[in-house]
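Open the model in your viewer and keep the selection panel at hand. The stops below go from the whole chain to a single residue.

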Amino acid sequence: FTISIDGVEADLGKFSEAIYKKITSDAKQQSFQGFRPGTIPPHLQPTYRAFAMDECAREATLEAMEQNNIRPFQDARENLEFSSVSIPPPAKK
């Protein structure tokens, strides 16, 4: 299957942001050697950001499949592959 999802129309930015905030909130509860409590090492920031985008894409894809009456296999969530992800530029204030 090829599934295309318009992230702007589906308002995935806010969903992805909520996932990212939850991940970083949980990470701040962890202690990282050499860093003050509540500090996330800068080298981990891109990893958390990428994980949030991946998680958002997987959830949006499964939701789109469900809305189109496509029932994925039990382990489909882990086997999804994304060929391209586009991030629109931030809106000017």
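This tour covers the overall fold, one helix, the nonpolar core and one residue inside that core.

Start with the whole protein, shown as a cartoon. The model is predicted. You should find three helices and zero strands, in the order α-α-α along the sequence. Now switch on the surface: its accessible area is about 7,900 Å², and carbon and sulfur atoms account for 52% of that. Of the 93 residues, 24% count as buried.

Next, select residues 45–67, which form helix α2. Place a distance label between the C-alpha atoms at its two ends; they are 33 Å apart. Why does this agree with the expected span? The helix has 23 residues and should rise 1.5 Å a residue, so a span of 33 Å is expected.

Stay on α2 and colour its buried residues: Y48, A52, E55, C56, A57, R58, A60, T61, L62, A64 and M65. Then step just past the end of α2 to N69, where phi is positive, at about 55°.

Now select L12, I19, I23, A27, F32, I40, Y48, A52, C56 and A60. These 10 residues are the largest nonpolar core. Two elements, α1 (12–28) and α2, each give two or more residues to this core.

Finally, centre the view on A52, one of the core residues. Which residues does A52 contact, leaving aside neighbours within four places in sequence? Show S16, I19, Y20 and I23 to see them. To end, zoom out to the whole protein: among contacts with a separation of 6 or more, 53% join residues 24 or more positions apart.

Terms used
Residues numbered from 1 in each chain as written. Predicted model: local features only at pLDDT ≥ 70, side-chain atom pairs only at ≥ 80, totals over all residues. Heavy atoms only, no water. Helix = DSSP H or I, 4+ residues; strand = E, 2+ residues; numbered from the N terminus. Expected span 1.5 Å × (residues − 1). Buried < 20%, exposed > 50% of the residue type's maximum accessible area, 1.4 Å probe, protein only. Contact = heavy atoms within 4.5 Å. Areas by Shrake-Rupley, 256 points an atom, 1.4 Å probe, with all protein chains shown as cover. Core = buried A, V, L, I, M, F, W, Y, C linked by side-chain atoms within 4.5 Å.
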